[in-house]
Amino acid sequence: MNYAKPKLLTDTPFHYCPGCTHGIIHRIIAEAAEEVGHSDDCIGIAPVGCAVFAYNYFNCDFLQAAHGRAPAVATGVKRAAPNSLVFVYQGDGDLASIGMAETVHAATRGENITVIFINNGIYGMTGGQMAPTTLAGQKTTTCVNGRDYKTQGNPIKICELLSTLDGPTYIARTSVHDVKNIRKTKEAILTGFTRQKEKRGFSLIEILSTCPTNAHLSPQAALDYIKDVAMAHYPLGVFKDN
């Protein structure tokens with residue numbers, strides 16, 4: 001057999017909406033953790049958001065952090081268990097809004113953790129409100145006419161922001177809108193995990209993801225939106241590689 005379910009994934013059916021790419025990302029995280037040799041000592045930090053139940057899907061230790069505090073929790077876990085692979089899984093509202101301070105300070109300290117940042121441009125779990133990453137003109141329940149930069153500010157570019165700091169070792173933005181980019185996302189996660197294994201410090205992989213339900217798009221149209229719209233504002237690539 002050449003392709004099988006990773007041991008780090010449970011048999012629990014995903015609760016995510018049809019067309020949501022959380023499931024794809026969960027799988028490649030599990031594959032990457034196994035490939036760097038951490039099947040038995042991997043520790044995840046779950047967010048508050050659509051992936052709040054991520055701990056149901058991984059065969060490894062998991063902690064549930066308060067909203068936005070996952071990098072702070074991961075810092076304590078990694079310092080207590082320095083030889084374990086510690087990864088943080090957060091959405092844009094969790095990481096880039098209420099958790100911005102924890103993200104920036106963990107990055108500038110160069111904490112030896114890997115942050116997986118899911119950017120779907122919206123608050124998914126709580127009803128589709130505007131997030132820090134919502135694009136100009138994008139309609140949400142709290143900007144029904146579309147986000148207006150003049151009154152609601154500009155979307156935050158997390159990779160560009162964190163790449164100005166001295167602490168991070170690896171900052172990259174990828175996507176999962178097609179097979180080619182799914183493979184690139186796995187390569188980026190592998191790099192982040194490898195840097196942690198080598199004790200080289202903080203890494204963050206931002207992944208452009210979909211929310212078909214709150215965007216009122218079909219699953220295919222949501223993938224096309226990443227390619228045709230989101231990537232124009234959030235270009236893919238490596239922003240820091242020390």
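This is a short tour of the structure, stop by stop, with a selection to make at each one. The model is predicted.

**Stop 1: the sheet**

Show the strands as a cartoon. Seven of them form an open sheet with mixed pairing. Read across in the order β2-β1-β3-β4-β8-β7-β9. Strands of a sheet pair through backbone hydrogen bonds, either parallel or antiparallel.

Now find the two edges. Select 61–64 for β2 and 237–241 for β9. Each has a single partner strand, so one side of each is left without a neighbour in the sheet. Ignoring direction, neighbouring strands are turned by 15° against each other on average.

**Stop 2: the β2 edge**

Select residues 42–46, strand β1. Its pairing with β2 is parallel and runs over four bridges. To see one facing pair, pick I45 and look across to L63 in β2.

**Stop 3: helices on the sheet**

Select 22–35. This is helix α1, and it packs on the sheet. It touches β1, β3 (85–91), β4 (114–119) and β8 (203–208). The direction of α1 makes about 170° with that of β3.

Next select 70–80, helix α2. This helix lies across β1, β2 and β3. It runs at about 175° to β3.

**Stop 4: strand β8**

Go back to the sheet and select β8. Is this strand enclosed or not enclosed by the rest of the structure? Six of its six residues are buried, so β8 is largely enclosed by the rest of the structure.

Show its side chains. S203, I205 and I207 point one way, while L204, E206 and L208 point the other way. Note that E206 is among the buried residues.

Then add the partners of β8. Strand β4 runs parallel to β8, joined by six bridges. Strand β7, residues 170–175, also pairs with β8 in the parallel sense, over six bridges. Centre the view on I205. Its bridge partner in one pairing is I116. A172 is also a bridge partner of I205.

**Stop 5: where α2 meets α4**

Two packed helices are described by the angle between their axes and the distance between the axes. Keep α2 on screen and add residues 100–109, helix α4. The two pack at an angle of about 35°, with axes 8 Å apart.

Show side chains for the contact:

- From α2, select P71, A72, T75 and R79.
- From α4, select E102, T103, A106 and R109.

These residues divide into three nonpolar, two polar and three charged.

Now zoom in on P71, which sits in helix α2. P71 is buried, because its relative accessible area is 1% and the cut-off for buried is under 20%. Setting aside neighbours within four places in sequence, P71 is in contact with V88, Q90, E102, T103, A106 and I113. For a distance to check in the viewer, take the C-alpha atoms of P71 and A107. They are 36 residues apart along the chain and separated by 8.9 Å.

**Stop 6: the largest pocket**

Rolling a probe the size of a water molecule over the atoms shows where empty space is left. The largest pocket holds about 360 Å³ of space. Select N120, I122, Q138, A215 and Y225. Of the 26 lining residues, these are the closest to the pocket's centre.

Which elements give two or more residues to the lining? They are α8 (212–215) and α9 (219–233). The most comes from α9, with four residues. By type, the lining has 12 nonpolar residues, 13 polar and one charged.

**Stop 7: a buried loop residue**

Pick T133, in the loop between β6 (129–130) and α5 (149–152). T133 is buried, at 1% relative accessible area. Show what surrounds T133. Beyond its neighbours within four places in sequence, its contacts include D92, F117, N119, R147 and Y234. The pocket residue I122 is another of the contacts of T133.

**Stop 8: two loop residues with positive phi**

Finish with K199 and H216. K199 lies in the loop between α7 (179–197) and β8. Its phi is near 60°, a positive value in a residue other than glycine. Is K199 buried or exposed? It counts as exposed, at 53% relative accessibility.

H216 lies in the loop between α8 and α9. Its phi is positive too, about 60°, although H216 is not a glycine. At 73% relative accessibility, H216 counts as exposed.

Definitions and conventions
Residues numbered from 1 in each chain as written. Predicted model: local features only at pLDDT ≥ 70, side-chain atom pairs only at ≥ 80, totals over all residues. Heavy atoms only, no water. Pairing = 2+ DSSP bridges. Axes fitted to C-alpha atoms, helices over the stretch in contact; angles between N-to-C directions. Contact = heavy atoms within 4.5 Å. 1 Å grid on protein atoms, 1.4 Å probe; cavity = no way out; pocket = protein on both sides within 12 Å on 5 of 7 lines; lining within 4 Å. Points joined across faces, edges and corners; volume = space filled by probe spheres on them. Nonpolar A, V, L, I, M, F, W, Y, C, P; charged D, E, K, R; others polar. Buried < 20%, exposed > 50% of the residue type's maximum accessible area, 1.4 Å probe, protein only.
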